[in-house]
Amino acid sequence: MDKFWFRIIYIFSVVITLAIGFLILGPRPAGVEGMLDVSSLPLVNALLNITTTLLLLIALWFIKNKYIQKHKITMLCAFGTTSMFLVTYVIYHWF
């Protein structure tokens with residue numbers, strides 16, 4: 001069962017990395033640049049990264065103290081904040 005999930009994680013990681021690389025380095029449609037004000041996104045990205053870091057540290061504390069369910073919930077929250085970071089990061093670099 002673990003091998004299955006590791007494969008899924010590896011495949012997902014490669015696909016996401018390639019998609020981000022294409023979005024950042026690939027061709028852009030004409031007229032996209034400047035269509036959206038993204039000047040506040042670096043601050044949003046920093047806040048999301050800080051939040052993710054804190055959640056990961058809390059999750060580490062939970063797992064070391066055998067709070068398994070709290071660890072799982074905190075890790076899911078960290079996944080959510082890092083996913084939001086990924087979306088805002090790509091939007092910032094796209095525009």
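Start with the whole surface: the protein exposes about 7400 Å², and carbon and sulfur atoms supply 75% of that area. Keep in mind while looking at it that this is a predicted model. Of the 95 residues in the protein, buried ones make up 20%.

Now switch to a cartoon view and follow the chain from its beginning. The protein has 3 helices and 0 strands, and read along the sequence it follows the pattern α-α-α. The radius of gyration is 17 Å, well over the 12 Å that the globule rule gives for 95 residues, so the protein is more spread out than a compact globule. If you turn the C-alpha trace onto its principal axes, you will find that it spans about 55 × 30 × 15 Å. Among contacts in the protein with a separation of 6 or more, 74% are accounted for by residues 24 or more positions apart.

Next, select Asn 45, which is found in helix 2, the stretch of residues 41-64. Is this residue buried or exposed? Asn 45 has a relative accessibility of 7%, and it counts as buried because that value is under the 20% cut-off. Show the side chains around it and, leaving aside its neighbours within four places in sequence, you will see Asn 45 in contact with Phe 85, Thr 88 and Tyr 89. Of these, Phe 85 is worth a distance label: Asn 45 and Phe 85 are 40 residues apart in sequence, yet 5.6 Å apart in space, C-alpha to C-alpha.

From there, move to Thr 88, which is found in helix 3. Thr 88 is also buried, with a relative accessible area of 14%. Which residues does Thr 88 touch, if those up to four places away in sequence are not counted? They are Leu 41, Val 44, Asn 45 and Leu 48, so selecting these four together with Thr 88 brings you back to Asn 45, where the previous stop began.

For the following stop, display the largest pocket, which has a volume of about 230 Å³. Its lining can be selected as Phe 12, Ser 13, Ile 16, Thr 17, Ile 20, Phe 79, Thr 82, Ser 83, Phe 85, Leu 86 and Tyr 89. Colour the helices separately, and you can see that helix 1 (2-25) and helix 3 (68-94) each supply at least two residues of this lining, with the largest share, 6 residues, coming from helix 3. Colouring by residue character instead divides the lining into 7 nonpolar and 4 polar residues, with no charged ones. Phe 85 and Tyr 89, which belong to this lining, are also among the contacts of Asn 45.

Finish at Lys 66, whose place is in the loop between helix 2 and helix 3. Check its backbone angles here: Lys 66 has a positive phi of about 65°, although it is not a glycine. Is Lys 66 buried or exposed? With a relative accessible area of 65%, Lys 66 is exposed, because the value is over the 50% cut-off.

Conventions:
Residues numbered from 1 in each chain as written. Predicted model: local features only at pLDDT ≥ 70, side-chain atom pairs only at ≥ 80, totals over all residues. Heavy atoms only, no water. Helix = DSSP H or I, 4+ residues; strand = E, 2+ residues; numbered from the N terminus. Buried < 20%, exposed > 50% of the residue type's maximum accessible area, 1.4 Å probe, protein only. Contact = heavy atoms within 4.5 Å. 1 Å grid on protein atoms, 1.4 Å probe; cavity = no way out; pocket = protein on both sides within 12 Å on 5 of 7 lines; lining within 4 Å. Points joined across faces, edges and corners; volume = space filled by probe spheres on them. Nonpolar A, V, L, I, M, F, W, Y, C, P; charged D, E, K, R; others polar. Rg over C-alpha atoms; globule rule 2.2 N^0.38 Å. Areas by Shrake-Rupley, 256 points an atom, 1.4 Å probe, with all protein chains shown as cover.
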